[in-house]
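Work through the exercises below with the sequence and the model at hand. Each task is followed by a worked solution.

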Amino acid sequence: MTTRLFHLSDVHFGVEDRAALEAVERAVAQEKPDAVLCTGDLTQRAKHSEYEAAAKWFESLGVPVVLDPGNHDMPYYNLWERFSDPYKRYRRLNGRVGGALVSDDVVLVPLKTTVRAQPRLPWSDGIITRSALGETLDRLARLREDPRSVIVTAHHPLLGAEGKGKNPTIGGARAFEAIAAAGADAVISGHIHVPFDGVREFGGLSLRTIGTGTLSTRLRHGAPPSYRVITCERGGKIASELREVATSIAPA
Ligand SMILES: [Fe+2]
């Protein structure tokens, strides 16, 4: 048996790319994936109106939805709420449209890479705290004997781009080693708006890392909007197909 996921990321409702979203809507309607996974930056500024647009869109897909929060999903203008309850708006969305994937082939294990504040700039970069990593590792430990493929989902990539100097994700290298040692088959992420797929090596350990581009108008490094179809079988068999889609941004 196989389980087919559509992996989306960085939709950034508020600056979403309508043409790109329509391409996803058509594919979901035609192909009926087992779930749509979106690894964060669901909104641009975490406004209530943006969350409402996100809720309506994910509801309209008519398939199970699995969400992770991104750095854009904490209140940007309401600093009181950002510090007192940063995930309140995200939790409300997740309660309305999100859920956990139920599959005989694959398990998705979230890893939190966002924090309400951090002692450096930019605050957009990821931090994996010891407690966040611990929660993910506890879940991975319970899956040690599980025959299903195990995929960790996170907003920020654990490692920086290959050969590009400092890792922007604090704690990312430590998390990479621990998650690889814990037997995960892949880590799926977003954030950088540029897709990638490959086996990375760090600390003598290797791990498949998969990233998907954006479905917003915030295109980076010439990468068009994209999403992925990830097909999973038991035993770590994971196939990934990148689908680039047309943008609604007019050429300059
Ligand atoms: Fe992000």
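**Exercise 1. Find how many bridges join S9 to S10 and in which sense the two strands run.**

Step 1. In this predicted model, S9 and S10 are joined by 8 bridges and run antiparallel.
Step 2. To fix the register, take Val229: its bridge partner in S10 is Glu241.
Step 3. Look at the connection. The hairpin of S9 and S10 has 3 residues between the strands, and Gly235 takes a positive phi near 75 degrees there.

**Exercise 2. Place S1 between its partner strands and state how far it is enclosed.**

Step 1. Start with S9, residues 226-233: S1 pairs with this strand in the antiparallel sense, over 5 bridges. His7 has Arg228 as its bridge partner in S9.
Step 2. Turn to S2. Strand S1 (residues 3-8) runs parallel to strand S2 (residues 35-39), and 4 bridges join them. Two bridge partners in S2 can be checked: Ala35 for Leu5, and Cys38 for Leu8.
Step 3. Count burial, for which a residue needs 20 or more other C-beta atoms within 10 Å of its own. In S1, 5 of the 6 residues are buried, so this strand is largely enclosed by the rest of the structure.

**Exercise 3. Write down the strand order of the sheet that contains S1, and identify the edges.**

Step 1. The order is S3-S2-S1-S9-S10, an open sheet of 5 strands with mixed pairing.
Step 2. The edges are strand S3 (65-68) and strand S10 (237-244); each has a single partner strand, so one side of each is left without a neighbour in the sheet.
Step 3. From one strand to the next, the twist averages 20 degrees.

**Exercise 4. Do the same for the sheet that contains S6 and S8, then add the helix that packs on it.**

Step 1. This open sheet is formed by 5 strands in the order S4-S5-S6-S8-S7, and its pairing is mixed.
Step 2. Strand S4 (106-110) and strand S7 (196-202) are the edge strands, each pairing on one side only.
Step 3. On average, neighbouring strands here are turned by 30 degrees against each other, direction ignored.
Step 4. Inside the sheet, strand S6 (residues 186-189) pairs with strand S8 (residues 205-211) in the parallel sense, over 4 bridges. Ile188 finds its bridge partner in S8 at Ile210.
Step 5. H6 packs on the sheet and touches strand S5 (149-153), S6, S7 and S8. The direction of H6 makes about 110 degrees with that of S8.

**Exercise 5. Describe how H5 and H6 pack against each other.**

Step 1. Two packed helices are described by the angle between their axes and the distance between the axes.
Step 2. For helix H5 (residues 130-142) and H6, the axes come within 10 Å and cross at roughly 10 degrees.
Step 3. Angles under 35 degrees count as roughly parallel; H5 and H6 are therefore roughly parallel to each other.
Step 4. The residues that meet are Leu133, Thr136, Leu137 and Leu140 in H5, and Ala175, Ala178 and Ile179 in H6. Sorted by class, this contact has 6 nonpolar, 1 polar and no charged residues.

**Exercise 6. Is Glu177 buried, partly exposed or exposed?**

Step 1. Locate the residue: Glu177 lies in helix H6.
Step 2. Glu177 has 16 other C-beta atoms within 10 Å. A buried residue needs 20 or more, and an exposed one has 12 or fewer, so Glu177 is partly exposed.
Step 3. Leaving out residues up to four places away in sequence, Glu177 touches Phe202, Gly203 and Leu205.

**Exercise 7. Trace the largest nonpolar core, then follow the contacts of Ala54 and Leu93.**

Step 1. The largest nonpolar core has 53 residues. Those with the most contacts inside it are Leu8, Ala54, Val152, Ile179, Ala184 and Val187.
Step 2. Helix H6 (residues 172-181) gives the most to this core, with 5 residues.
Step 3. Not counting residues up to four places away in sequence, Ala54 touches Val11, Phe13, Leu42, Thr43 and Leu93.
Step 4. Move on to Leu93, which is found in helix H4 (residues 88-97). Leu93 is buried, with 23 other C-beta atoms within 10 Å.
Step 5. With neighbours within four places in sequence set aside, Leu93 is in contact with Leu42, Tyr51, Ala54, Ala55 and Gly98.

Key
Residues numbered from 1 in each chain as written. Predicted model: local features only at pLDDT ≥ 70, side-chain atom pairs only at ≥ 80, totals over all residues. Pairing = 2+ DSSP bridges. Axes fitted to C-alpha atoms, helices over the stretch in contact; angles between N-to-C directions. Core = buried A, V, L, I, M, F, W, Y, C linked by C-beta atoms within 7 Å. Contact = placed C-beta atoms within 7 Å. Parallel < 35°, antiparallel > 145°, perpendicular 65-115°, else oblique. Nonpolar A, V, L, I, M, F, W, Y, C, P; charged D, E, K, R; others polar.
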